[in-house]
Amino acid sequence: MHTDIVVIGGGSGGYATALRAAELGKRVIVVERDKVGGTCLHRGCIPTKALLHVAETVDAVREAAGLGVLAELQGVDVSRMHAFREGLVAKKHKGLQGLLKARGIEVVAAEGTIAGPGRVRAGETEILATNIVIATGAYTRVPPGLEIGGRVLSSEQALELGEIPASVIVLGGGVIGVEFASLWRSLGAEVTIVEALDHLVPTEDETLRTQLARAFRKRGIQTRLGARVATAAQDDSGVSVQLEDGASLTADYLLVAVGRGPATTGLGLEEAGVRLDRGFVVTDVDLRTSVEGVWAVGDVVVGPQLAHRGFQHGIQVAERIAGSTPAPVADELVPRIVYTSPELASVGLTRAQAEERHGVDAITVLDYNLAGNARTEILGGSGSVRVIRKTDGPVLGVHLAGPRVGELISEAQLVVGWDAHPEDVAPLVHAHPTQSEALGEAFLALAGKPLHVL
Ligand code: NAD
């Protein structure tokens, strides 16, 4: 077999590369050992958000009486909940397969490895290609002394759990940890998060960390910060965990969510001369590896491990291969959303990063409380908008907390991505009543024309 491009891995980064390259007239083969759509579609973004929607519905039923709606929560039918999740994923999977087929992209169902310059082995087949794209994604990291199995879950098993656990210990207060904590708490479980650092979602801006901590406290989610697991044991009835500080915890299950590492072993990368750094593929800004004709996209490239970054990487590499000069993906401008209740959404620099880069006196921070926003009040939530600007300069970062604020990040992303000054965007009218008005209020205030802000 011979082709212009062979992509190893059919997840977000890999299939985006294939779609864009085919659109640009290239012959593309995708080698995928499991299912196209990868972690995001089958074991990550999509199924978790389906379950989080169930959680949101459960919360809405619980709160319905306050709105005069006489509904009573009788329970959650776990098998129907999973049928909803599976149905959704199956539909999207079918859609993606159709799309790949329609663009004339061949998918080879096999484990792909690099066999040499311009050569990929896919099971029994050898594919000769002018370009090879590594898009193999990431795997769940497991701390020493722990092993996934039985009552010790990775997010993959957690998604498919056939019961609503009475109690869970979540190891790691990053994105996966807090999303599952939020989900299980809504479904009625007792949840304890064990996080090694001093905050949940430690890489987010302080205002988001504080609000998530406050909301979780109110919801009865326990947290053990600055704590690590020393040992864990399980039997038929549950798991018991010893923390390094001597405390011990017991629960039905333990979820391990301490980060994901690049899936780059066993691919023949180093043998082919592709340089790795702590397992990540080393690339230049155009996502070229150290070997001519070999590229890398998505989670195998160090940076935020997000599906939408993978999509954009794929587009970038396909366009490069096709001879154009697309702008490199700027990791700092990739929006981030944490789908907890409340949601968190952010783009650009945190306050700490902005202070470090520009100096404490060179930035202005505006916090707008969503208590002043009618739509948020109607949705029954609370939260905030934080906009950070370079004083007399562009917006550097936007950080949102509140119900459904993930849907607001696109405006923030354009403002930050286009280096807009609050004065540029303040005259643009926001519809009323919407939560997006809160962003408008923040821009108005930063432009020196506060409307509903003191
Ligand atoms: P993460 O890096 O977001 O969080 C891991 C957390 O575990 C960190 O807070 C870390 O301090 C903590 N930790 C590490 N070792 C520990 C230990 N031994 N004991 C206690 N705590 C420990 O990783 P994740 O939550 O596993 O998620 C993996 C990747 O998947 C992330 O890069 C994330 O962006 C991505 N993801 C994104 C979304 C989303 O965009 N909504 C959802 C899920 C996952």
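Helix H6 (175-186) gives the most to the shell around the ligand, with 4 residues. Both H6 and strand E10 (190-195) supply at least two residues of this shell each; helices (H or I, at least four residues) and strands (E, at least two) are DSSP runs, numbered from the N terminus. The model is a predicted one, in which local features need pLDDT of at least 70 and side-chain atom pairs count only at pLDDT 80 or more, while totals for chains, interfaces and linings use all residues. Residues are numbered from 1 along each chain as its sequence is written, and side-chain values use heavy atoms, with hydrogens and water left out.

**The ligand site**

Around the ligand there are 22 residues, of which Ile176, Glu179, Glu195, Gly259 and Ile337 come nearest; a residue counts as near if one of its heavy atoms lies within 4 Å. By class, the shell holds 13 nonpolar, 5 polar and 4 charged residues. Here Ala, Val, Leu, Ile, Met, Phe, Trp, Tyr, Cys and Pro count as nonpolar, Asp, Glu, Lys and Arg as charged, and the others, Gly among them, as polar. The table lists polar contacts of the ligand, a polar contact being a pair of N or O atoms within 3.5 Å.

| Ligand atom | Protein atom | Distance |
|---|---|---|
| oxygen | N or O atom in the side chain of Glu195 | 2.6 Å |
| oxygen | polar backbone atom of Gly259 | 2.9 Å |
| nitrogen | polar backbone atom of Ile337 | 2.7 Å |

Taken alone, the ligand exposes 840 Å², and the protein buries 78% of that; areas come from the Shrake-Rupley method with a 1.4 Å probe.

**The sheets**

One open sheet has 5 strands in the order E20-E21-E24-E23-E22, with antiparallel pairing; two strands pair if DSSP finds at least two bridges between them. Strand E20 (336-338) and strand E22 (363-369) stand at the edges with a single partner strand each, so one side of each is left without a neighbour in the sheet. From one strand to the next, the twist averages 10°, with axes fitted to C-alpha atoms (for helices over the stretch in contact) and angles taken from 0 to 180 degrees between N-to-C directions. Strand E23 (residues 384-390) and strand E24 (residues 395-402) pair in the antiparallel sense over 6 bridges. Helix H11 (residues 409-417) packs on this sheet, touching E20, strand E21 (343-348) and E24, where contact means heavy atoms within 4.5 Å. The direction of H11 makes about 170° with that of E24.

Another open sheet, of 3 strands, has the order E12-E13-E14 with antiparallel pairing.

Methods. Polar contact = N/O pair within 3.5 Å; in protein donor to acceptor, adjacent residues only side chain to side chain.
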